[in-house]
Amino acid sequence: MATDVTTIHDQPVLSLAGVTRSFGSRTILDGISLDVDRGELLGLLGPSGSGKTTLIKLITGIDRCDTGDIKLLGERMPKLAMLSRIGYMAQSDALYNELSAKQNLRFFGKLYGLQGERLQARIQAVMRIVDLTEHLGKPVAAYSGGMKRRLSLAIALLHEPEVLILDEPTVGIDPVLRLSIWEELLGMRDSGTTIILTTHVMDEADRCDRIGLLRGGRLTAVDTPEALKRRSGSATIEEAFIALGGGEAQ
Ligand SMILES: Nc1ncnc2c1ncn2[C@@H]1O[C@H](COP(=O)(O)OP(=O)(O)OP(=O)(O)O)[C@@H](O)[C@H]1O
């Protein structure tokens, strides 16, 4: 039977089934299954070393799972061509230090197929979001750590991808800007962008549609913040995180 457009639209944007990843004899991810819908904001929460970044790398196709199946936008991962359909912000910044922010943005924009006025307009728009407009011409080598995080986020947003995958996007960003970046993310989510991010910040987790709790290589719970609190009889997401086997909050 031919697949019609409605059927494609109804499929989860991300589907993980029995995903396992080991390094040597250590099993880091053990049978992870999860579906994420279009326009959903999913937060991955877990103690340091619980496998959040490992899972993010499998979802983006940078790494390959040992067993299981990962489908992103209907395509089995890893698939190189998918990189232009996602916005990925890694935990460590992948920037050209000797170039200016603008040159970095132009370089990545062209990789994503943007050019001319459209590229110019997108550069202005994303630098406004991360409040770096004044520093567009500055070499990245002269940026602070927090500014580099913000520039990395700007690059991930540049081509208005259908899916945003952000590994600790707000680390090193001050509280005021963090809030305004969250407003932007929620706005993008409301216009249909699917967002998957990792965080250690509990009030950020509270703003996600659903939270996936990672512990010992397994997803110990996936639910809305409210449901996680209710289920664990906790007043805050921090208490729920600990009660549901998330370990010590960071
Ligand atoms: N390429 C690799 N080779 C060997 N071990 C690895 C590799 N990548 C990750 N690990 C190990 O896998 C475990 C999970 O790492 P990962 O970076 O996914 O954790 P995390 O939950 O993102 O941690 P954090 O919150 O500190 O960023 C760690 O014990 C790490 O040392």
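Arg21 stands opposite Leu29, a residue of strand E2. The model in which this contact appears is a predicted one. The strands concerned are E1, residues 14-23, and E2, which pair in the antiparallel sense over 7 bridges. Both belong to an open sheet of 4 strands with antiparallel pairing, in the order E2-E1-E4-E5. Strand E2 (26-36) and strand E5 (75-76) are the edge strands of this sheet, since each pairs on one side only.

The stretch that begins with E1 also has an annotation. In an unreviewed entry, UniProt lists residues 14-241 as "domain: ABC transporter". Over those residues the chain is 35% helix and 26% strand. The C-alpha atoms at the two ends of the range are 24 Å apart.

Further along the chain comes strand E3, residues 41-45. Here 5 of the 5 residues are buried, so E3 is largely enclosed by the rest of the structure. Leu41, Gly43 and Leu45 point one way from E3, while Leu42 and Leu44 point the other way, and all are buried. A residue counts as buried when 20 or more other C-beta atoms lie within 10 Å of its own.

The pairing of E3 involves two strands from later in the sequence. Strand E8, residues 194-198, runs parallel to E3 and is joined to it by 4 bridges. Strand E9, residues 210-215, is likewise parallel to E3, again with 4 bridges. Leu44 has a bridge partner in each: Thr198 in E8 and Gly212 in E9.

Next is the ligand. The residues that surround it are Phe23, Ile28, Gly46, Ser48, Gly49, Ser50, Gly51, Lys52, Thr53 and Thr54. By residue type, this shell divides into 2 nonpolar, 7 polar and 1 charged. Helix H2 (residues 52-60) gives the largest share of the shell, 3 residues.

H2 itself is mostly covered, with 7 of its 9 residues buried. The buried residues are Lys52, Leu55, Ile56, Lys57, Leu58, Ile59 and Thr60. Lys52 therefore appears on two lists: it is among the residues around the ligand and among the buried residues of H2, as judged by the C-beta count. In an α-helix, residues three or four places apart point the same way, because there are 3.6 residues a turn. Just after H2, Gly61 takes a positive phi of about 90°.

Terms used:
Residues are numbered from 1 along each chain as its sequence is written. This is a predicted model: local features need pLDDT of at least 70, side-chain atom pairs count only at pLDDT 80 or more; totals for chains, interfaces and linings use all residues. UniProt positions are given in the numbering used here, feature names are shortened, and annotations may be inferred rather than shown by experiment. A residue is near a molecule or strand if its C-beta atom, placed from the backbone, lies within 6 Å of it. Ala, Val, Leu, Ile, Met, Phe, Trp, Tyr, Cys and Pro count as nonpolar, Asp, Glu, Lys and Arg as charged, and the others, Gly among them, as polar. A residue is buried if 20 or more other C-beta atoms lie within 10 Å of its own, exposed if 12 or fewer, and partly exposed in between; C-beta atoms are placed from the backbone. Two strands pair if DSSP finds at least two bridges between them.
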